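Open the viewer and get ready to make a few selections. This tour goes stop by stop.

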Amino acid sequence: MRIAYGGISVENGSFSPLHTTLDDFVVLRGEELSTSERYPFLNELEADFAPTLFARSWPGGELERAAYETLKDELLERLSACGSVDGLYLDLHGAMKVVGMEDAEADLASAVREIVGSDALISASMDLHGNISQAYITQIDLLSAYRTAPHRDALETRERACRLLVDAIAGGQRPHIVCKPIPILLSGEQTRTDMAPGNRLWASLPEIEKQPEILDASLFVGFAWVDEPRSHAAAVVTALDEEVAEQAAVKLAQAYWDARNEFHYGVEYGQVDQCIKWAISAAEPTVFISDSGDNPTAGATGDIPYFVDRLVAHRAPKSIVAAIPDAETVAACLSVGIGATLHLKLGGKLDTLHGTPFPTEATVYSIIKEGQAGSDQMDWTQVEGDLVKGDELAGTQVVLQIENVYIIVTERRKPFTTLADFKRVGLDPLDFKIVVVKLGYLFPELLRIAPRALMALSPGASDLDFSRLPYQRIKRPMWPMDADELLNIHDLCFDS
């Protein structure tokens, strides 16, 4: 049994002004891929796995067309060089938005299908925040998605997709995939799987798989910041019997639809000034506030300095803002050194649609040059289920002080998702009253240590108030924006 594997994994937002380029990708090729820590389970499966190419980028704005075509062409070339294969495993995210193209995953799946032929089986794994279309589904044979958000099961999902593929080939099976679109568009912050109703819905998937003939059940939230017709929730079931898959998918879609009014953020939320006031008066020693509208993990630039402005205006107690990418400011700090005070215009250089630079006088509190953090600082961070060097993303980092507000400024765009991210710059978030992080929901480690968490409905490319986003291509009607027009389950069966 010979199986090729590879993919392109990226999450692109339509409303971010910062395009994703080829330079933003980490690319593994051939032997680099086979020896990576991304697929440790392949040696346990009875098949000859042939690596092609895997390209991963941190979430950003739309992917430049030339970059996509370059990666796609190389993947196809390497796939062709594998010769005849029994199957292909596609490692994808599912929310790839390419400039001038709709449904990039369907385009990629169609291209690889042409090479492997109609007899080979194709299995894919995806993030549950991927967007699913019928055009994509018709090109593949098996599909598995994450079942946790915040994500904890990326590795398990990849392994499940590969095991299903090996078993199907060994058994001479030809699975069927049924996708039921659900006209609900919600953010990941509203659909966490560690609270109701998400915990109930995603916990039902293993039970569905106990039914005879069913191989996999997946529930997709979708990625709300991609303005395409495929942006919506979906219930997807893979089974050996198409009718069994159809019935299970309809039932799963109905359950999601019926739960639509239960979805919520899971933490107190409000506008930026309100959240700052709550935090200042809170009994808890530390309050984490998510700057959700400028969230790099959802493709935003992360450089809007609005929170810095408001914390200073409120004369907030000791606070952190993590983090603002601003290479110009980092360079200025390097030129003057630690302890110096300088006049600068902070942030607002990448997302000029939603923010402007913040003019201020700041003191350079610390400088952490790229590669300076030692191994004793646990200098690793999470990127879509992978571990990568923290400074691989951030570059050189500086900490600026404006009165009681400490701003972490990075050379390159990077979210702060772990305690190690803060330790790397010499700060302990629990020593501060307010910790602003440019995230949506808190990642698992930060959620665990936060005495209290708030969600700020702030402006930016990942705005959680969808009424403020200029959608033009999503299917309508869509819940909750068009709630009055969507009355029953029949409304969810639109073509995807």
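**Stop 1: helices 8 and 9.** This is a predicted model. Select helix 8, residues 272–281, and helix 9, residues 306–313. Their axes come within 10 Å and cross at roughly 50 degrees. An angle like that makes helix 8 oblique to helix 9. The crossing of helix 8 past helix 9 is right-handed.

Now show side chains. On helix 8, pick V272, D273 and I276; they meet Y306, F307, R310 and L311 of helix 9. Colour the residues of this contact by type: 5 are nonpolar, 2 are charged and none is polar.

**Stop 2: the whole protein.** Zoom out and show everything as a cartoon. You should find 13 helices and 22 strands. Turn the protein along its principal axes: the C-alpha trace spans about 70 × 55 × 40 Å.

How does the radius of gyration sit with that of a compact globule? For 496 residues, such a globule would have a radius near 23 Å; the protein has 23 Å, so the two agree.

Next, colour by burial. Of the 496 residues, 61% count as buried. Then think about contacts along the chain. Taking contacts with a separation of 6 or more, 77% are between residues 24 or more positions apart.

**Stop 3: helices 6 and 7.** Select residues 198–208 for helix 6 and residues 242–258 for helix 7. The two pack at an angle of about 165 degrees, and their axes are 11 Å apart. That angle is over 145 degrees, which makes helix 6 roughly antiparallel to helix 7. Here too, the crossing is right-handed, with helix 6 passing helix 7.

Show the side chains in this contact. Helix 6 brings L201, W202, S204, L205 and I208. Helix 7 brings A248, L252, A255 and Y256. By type, the contact of helix 6 with helix 7 has 8 nonpolar residues, 1 polar and no charged.

**Stop 4: S319.** Centre on S319, in strand 14, which covers residues 319–325. Is S319 buried or exposed? Its relative accessible area is 0%, so S319 is buried.

What does S319 touch, leaving out residues up to four places away in sequence? Select L311, N404, V405, Y406, F432 and I434. L311 should look familiar: it is one of the helix 9 residues in the contact with helix 8.

Finish with a distance. Draw a line between the C-alpha atoms of S319 and L164: they lie 48 Å apart in space. In sequence, S319 and L164 are 155 residues apart.

Methods
Residues are numbered from 1 along each chain as its sequence is written. This is a predicted model: local features need pLDDT of at least 70, side-chain atom pairs count only at pLDDT 80 or more; totals for chains, interfaces and linings use all residues. Side-chain values use heavy atoms; hydrogens and water are left out. Axes are lines fitted to C-alpha atoms, for helices over the stretch in contact, and angles run from 0 to 180 degrees between N-to-C directions. Helices (H or I, at least four residues) and strands (E, at least two) are DSSP runs, numbered from the N terminus. Angles under 35 degrees count as roughly parallel, over 145 as roughly antiparallel, 65 to 115 as roughly perpendicular and the rest as oblique. A crossing is left-handed if the near helix is turned anticlockwise from the far one by less than a right angle, and right-handed if clockwise. Contact means heavy atoms within 4.5 Å. Ala, Val, Leu, Ile, Met, Phe, Trp, Tyr, Cys and Pro count as nonpolar, Asp, Glu, Lys and Arg as charged, and the others, Gly among them, as polar. The radius of gyration is taken over C-alpha atoms; the globule rule is 2.2 Å times the number of residues to the power 0.38. Buried means under 20% relative accessible area, exposed over 50%, partly exposed in between (1.4 Å probe, protein chains only).
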